[in-house]
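The following exercises are to be worked with the sequence and the three-dimensional structure at hand. Each task is followed by a solution in steps.

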Amino acid sequence: MSSPEEATDTVWDVIVVGGGPAGSATAITLAKFGQRVLLVDEQGGVKFKLGESLPPLCVGLVTHFLGDIDAPEAGLCGVFRTAGNVSVWASDQPQISDFFFTQTGFGLCVDRVAFDDALRQKAVAAGVTLLTGARFESCTRLVNHTFNWQLQCGHGVPVHQARYLVDCTGRRSAVAKALGITALDTDDKLFAYAQWFATPTQDDDCYTRIEAGPHGWWYTNRLPGVQGGMTKRLVVFHTDKDLPHAKLAATVEGFQQLLGDSAHIGSLLADHGYRPFGTIRGAAANSQRLASFCGDAWMAVGDAAQAYDPLSSQGIDKALRSGSHAGHLIHYALSDGPTNSGALGHDNHYIGQYVLQQQQLWDKYASQRDFYYQTQPRWTDQPFWQRRS
Ligand SMILES: Cc1cc2nc3c(=O)[nH]c(=O)nc-3n(C[C@H](O)[C@H](O)[C@H](O)COP(=O)(O)OP(=O)(O)OC[C@H]3O[C@@H](n4cnc5c(N)ncnc54)[C@H](O)[C@@H]3O)c2cc1C
């Protein structure tokens with residue numbers, strides 16, 4: 001890993017901006033093809049990150065990128081097997097959807113900070129140069145030059161050049177925005193309020209628990225590992241940021257009050273003696289996508305291209321899967337000889353395939369999201385549900 005000042009090479013086939021799951025997956029795939037890749041991330045070390053529940057569908061991808069999840073080294077990213085989802089959604093009766101009859105028979109719960117870090121380490125092992133503590137600021141398209149892009153990542157950081165640029169900066173879509181690409185579907189105001197809980201009591205729960213309420217919906221996961229004899233659990237409330245209950249959810253007291261009104265999750269915490277710790281963390285959870293997923297010699301991957309409502313539980317799967325697709329297609333585009341070397345935009349056969357995949361992904365996601373919200377028939381007088389009916 002290099003700090004911005006230590007990086008000596010400054011020319012690359014591909015620069016990937018953003019070292020989350022999408023960035024690491026894209027970088028690993030490209031590096032395995034022999035492309036020279038720089039992976040840039042602004043954060044040296046994050047303390048928390050939301051999104052820890054992976055469906056059975058994602059287990060193969062995790063194994064592909066991280067190796068055997070049962071190997072001792074996998075313990076570093078705190079992966080544990082999950083049994084399914086328990087949702088109190090269409091009625092006040094819990095519905096269990098068990099992973100037992102899926103292809104893998106289990107899903108995964110991960111410690112996100114450790115998981116993302118393990119993926120970046122795999123990128124380095126694959127030959128990627130990782131530059132942390134470097135924030136993407138701007139880029140310049142070079143014309144009639146061996147390299148298509150010149151990147152600026154802060155004062156005192158050398159300028160880096162690359163043939164191709166990938167935006168994996170998550171919901172911020174920092175590169176695409178710098179290139180003037182707008183976000184679509186910006187009317188969704190869904191916001192997540194997260195509170196961590198700890199208990200000295202044993203909690204072996206292996207289900208993700210989801211619960212609808214009059215003003216939004218909840219999920220909770222027990223987190224991997226026991227620290228100092230304490231088991232931790234994350235509880236997240238989702239509502240629209242402009243609704244009055246959002247203000248309540250943003251304070252520890254208000255959050256507790258809302259939990260007290262919940263049908264099941266509040267009592268699950270109380271039964272296990274869970275106590276809240278730390279402050280409430282907020283995060284945008286709205287569905288959004290870019291007006292263009294790629295352009296001339298650049299592409300957006302993962303949440304940077306399209307970000308999903310956490311109800312889908314598909315964000316990490318999409319990040320890893322589209323990172324793998326993007327890595328393959330960028331490699332083919334860059335290797336496709338002189339006829340394509342100057343045409344790395346939509347007209348490129350391989351890049352065009354990526355655009356099509358992204359459009360299909362969005363259409364499928366949006367119809368599934370609408371379907372799930374519409375199967376929740378209660379509280380038809382409440383704005384949160386009226387907006388989604
Ligand atoms: C409340 C909530 C719950 C969720 N729950 C789940 C879940 O249970 N399961 C699931 O699969 N998904 C879940 N998700 C979604 C999941 O977290 C995301 O889909 C996933 O993190 C996307 O990965 P990514 O690599 O595209 O982006 P990110 O993980 O956001 O990574 C982006 C990276 O870019 C870096 N970056 C940003 N700007 C710059 C810049 N200017 N310069 C340099 N670096 C930059 C950041 O530091 C970060 O490392 C949830 C999301 C939310 C909000």
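**Exercise 1. A loop residue**

A291 is found in the loop that joins strand 18 (288-290) to strand 19 (294-295). The model is a predicted one.

Task: Determine whether A291 is buried or exposed, and state which residues A291 touches.

Solution.
- Step 1. Count the other C-beta atoms within 10 Å of A291: there are 10.
- Step 2. Compare this count with the cut-off: a residue with 12 or fewer such atoms is exposed. A291 is therefore exposed.
- Step 3. List the contacts, leaving out residues up to four places away in sequence: A291 touches I181, T182 and L184.
- Step 4. For a residue further along the chain, take Q386, which is 95 residues apart from A291; their C-alpha atoms are separated by 27 Å.

**Exercise 2. Two domains**

Task: Describe how the chain divides into domains, and characterise the side of domain 1 that touches domain 2.

Solution.
- Step 1. The domain assignment gives domain 1 (11-48 + 113-185 + 289-372) and domain 2 (53-110 + 189-284).
- Step 2. Taken over C-alpha atoms, the centres of domain 1 and domain 2 are separated by 28 Å.
- Step 3. To the contact, domain 1 contributes 16 residues and domain 2 contributes 17 residues.
- Step 4. On the side of domain 1 that touches domain 2, at least two residues come from each of helix 1, helix 3 and helix 8. Helix 3 gives the most to this side, with five residues.
- Step 5. By class, the residues of this side are ten nonpolar, one polar and five charged.

**Exercise 3. The ligand shell**

Task: Establish which elements and domains surround the ligand.

Solution.
- Step 1. The shell around the ligand holds 37 residues, and the closest are G20, G51, G170, G302 and G315.
- Step 2. Two or more residues of the shell come from each of helix 1 (21-32), strand 2 (37-41), strand 3 (53-54) and helix 8 (315-335). The largest share, four residues, is that of helix 8.
- Step 3. The composition of the shell is 17 nonpolar, 13 polar and seven charged residues.
- Step 4. Domain 1 and domain 2 both give residues to the shell, so the ligand lies between them.

**Exercise 4. The nonpolar cores**

Task: Identify the residues of the largest nonpolar core that touch the most other members, and locate this core relative to the domains.

Solution.
- Step 1. The largest nonpolar core has 68 residues; V14, I15, V37, L39, L165, V166 and M299 touch the most other members.
- Step 2. Helix 8 gives the most to this core, with eight residues.
- Step 3. Both domain 1 and domain 2 give residues to this core, so the core lies between them.
- Step 4. Another core, of 27 residues, lies apart from this one; among its residues are F191, Y193, A212 and A249.
- Step 5. Returning to I15, and not counting residues up to four places away in sequence, its contacts are L38, V40, W149, L151, H160, A162 and L165.

**Exercise 5. One face of a helix**

Task: Find where the buried residues of helix 2 lie around its axis, and name the elements against which they pack.

Solution.
- Step 1. In helix 2 (residues 59-66), the buried residues are V59, V62, F65 and L66.
- Step 2. Viewed down the axis of helix 2, these residues fall within an arc of 135°, so they line one face of the helix.
- Step 3. They pack against helix 1, strand 3, strand 7 (107-109), helix 3 (112-125) and helix 8.
- Step 4. Just after helix 2, G67 adopts a positive phi of about 90°.

Terms used
Residues are numbered from 1 along each chain as its sequence is written. This is a predicted model: local features need pLDDT of at least 70, side-chain atom pairs count only at pLDDT 80 or more; totals for chains, interfaces and linings use all residues. A residue is near a molecule or strand if its C-beta atom, placed from the backbone, lies within 6 Å of it. Ala, Val, Leu, Ile, Met, Phe, Trp, Tyr, Cys and Pro count as nonpolar, Asp, Glu, Lys and Arg as charged, and the others, Gly among them, as polar. Domain bounds come from an automatic or database domain assignment. A nonpolar core is a set of buried Ala, Val, Leu, Ile, Met, Phe, Trp, Tyr and Cys residues joined through C-beta atoms within 7 Å. A residue is buried if 20 or more other C-beta atoms lie within 10 Å of its own, exposed if 12 or fewer, and partly exposed in between; C-beta atoms are placed from the backbone. Two residues are in contact if their C-beta atoms, placed from the backbone, lie within 7 Å. The arc is that of the directions from the helix axis to the C-beta atoms.
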